[in-house]
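This report walks through a predicted model. Begin with the sequence and the structure shown here.

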Amino acid sequence: MSETEPDDGGHARFLDDAAARGLRVEVVERGRARSLEEAAAILGIEPREIVKSLVVRRPDGSFVFALIPGDRQISWPKLRKLLGVNRLSLPAADVALEATGFERGTITPLGSTTPWPVVADETIAGRISVGAGQHGRSAFVDSAELFRSLDATVADISDPL
């Protein structure tokens, strides 16, 4: 599938999973954005309120979702220590798609084809925007409710940009 084709299946999986978890989400059509900062401006929020869902590969070939605020970056040393591993990596786009069922830019733990563990940065709080499983759509959700519904581990896993 090309990036220009819609993936309604990913968005449907996102909505179905949120509903199954009893999670209230508000989906917003925002059109394509060229950057996180542009998406934040379109949504009328600060970049820190957009939470990036990064799929990270462990040495054993399994994955974990790392949720990072838009104004921060993943701290590899902190995440390695938390997970008890000496190596982690971001997989190629095709591997991430195979692992989650989502293209880059649409990845979210909600509706992933495999329910990988979730680690959320401790600085994430309040109402946030996350990917909704399809380009041009964002979803607003309460971070505490999201973390509870995903049984997420909340820890210090990021650094300022």
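## Strand 3 and its partners

Strand 3 is mostly covered, with seven of its seven residues buried. Burial holds on both faces of the strand. One side carries F63, F65, L67 and P69. The other carries V64, A66 and I68.

Strand 2 and strand 3 run antiparallel and are joined by seven bridges. One pairing sets R57 opposite F63 of strand 3. The two strands form a hairpin, with five residues between them. In that turn, G61 has a positive phi of about 90 degrees. Strand 3 also pairs with strand 5, here in the parallel sense and over three bridges. A66 has V119 of strand 5 as its bridge partner.

## Nonpolar cores

The largest nonpolar core holds 26 residues. Which of them touch the most other members? They are L67, I128, V130, L146 and F147. Many elements give two or more residues to this core. The helices that do so are helix 1 (8–20), helix 4 (93–100) and helix 5 (143–150). The strands are strand 2 (51–57), strand 3 (63–69), strand 5 (118–121), strand 6 (127–131) and strand 7 (137–142). Another core, of 11 residues, lies apart from the largest one. Its members include A66, I68, L79 and L83.

F147 is worth a closer look. Leaving out residues up to four places away in sequence, F147 touches L67, A120, I124, A152 and V154.

## Helix 4

Which residues of helix 4 are buried? They are A96, A99 and T100. Seen down the helix axis, these buried residues fall within an arc of 80 degrees, so they line one face of helix 4. An α-helix has 3.6 residues a turn, so residues three or four places apart point the same way. On the other side of helix 4, D94 and E98 are exposed.

G101 follows helix 4. The phi of G101 is positive, near 85 degrees.

## R13 in helix 1

R13 sits in helix 1. Its relative accessible area is 26%, so R13 counts as partly exposed; that class runs from 20% to 50%. Beyond residues up to four places away in sequence, R13 touches T100, G101, F102, G111 and T113. The C-alpha atoms of R13 and S112 are 7.5 Å apart, although 99 residues separate the two along the chain.

## D121 in strand 5

Is D121 buried or exposed? D121 belongs to strand 5. Its relative accessibility is 0%, so D121 counts as buried; the cut-off is under 20%.

Not counting residues up to four places away in sequence, the contacts of D121 take in two stretches of sequence and R72. L67, I68 and P69 make up one stretch. V154, A155, D156, I157 and S158 make up the other. From D121 to I157 the C-alpha distance is 5.3 Å, across 36 residues of sequence.

## R137 in strand 7

R137 is placed in strand 7. With a relative accessible area of 18%, R137 is buried. R137 and V27 are 110 residues apart along the chain. Their C-alpha atoms are separated by 6.7 Å.

## D151 after helix 5

D151 lies in the loop between helix 5 and strand 8 (153–155). What is the phi of D151? It is positive, about 50 degrees, although D151 is not a glycine. Most residues other than glycine have a negative phi. D151 is exposed, with a relative accessible area of 68%.

## The largest pocket

How much space lies in the largest pocket? The volume is about 670 Å³. The lining is made of 28 residues. Closest to the centre of the pocket are K52, R104, G105, T106 and I107.

Helix 2 (36–43), strand 2, strand 6 and strand 7 each supply at least two lining residues. Strand 2 gives the most, with five residues. Strand 2 thus appears in three settings. It pairs with strand 3, gives residues to the largest core and lines the largest pocket.

Notes: Residues are numbered from 1 along each chain as its sequence is written. This is a predicted model: local features need pLDDT of at least 70, side-chain atom pairs count only at pLDDT 80 or more; totals for chains, interfaces and linings use all residues. Side-chain values use heavy atoms; hydrogens and water are left out. A nonpolar core is a set of buried Ala, Val, Leu, Ile, Met, Phe, Trp, Tyr and Cys residues joined through side-chain atoms within 4.5 Å. Buried means under 20% relative accessible area, exposed over 50%, partly exposed in between (1.4 Å probe, protein chains only). Helices (H or I, at least four residues) and strands (E, at least two) are DSSP runs, numbered from the N terminus. Contact means heavy atoms within 4.5 Å. The arc is that of the directions from the helix axis to the C-beta atoms. Two strands pair if DSSP finds at least two bridges between them. On a 1 Å grid over the protein atoms alone, a cavity is a set of points where a 1.4 Å probe fits but cannot get out, and a pocket is an open set with protein on both sides within 12 Å along at least five of seven lines; lining residues have an atom within 4 Å of a point. Grid points are joined across faces, edges and corners, and a volume is the space filled by probe spheres set on the points.
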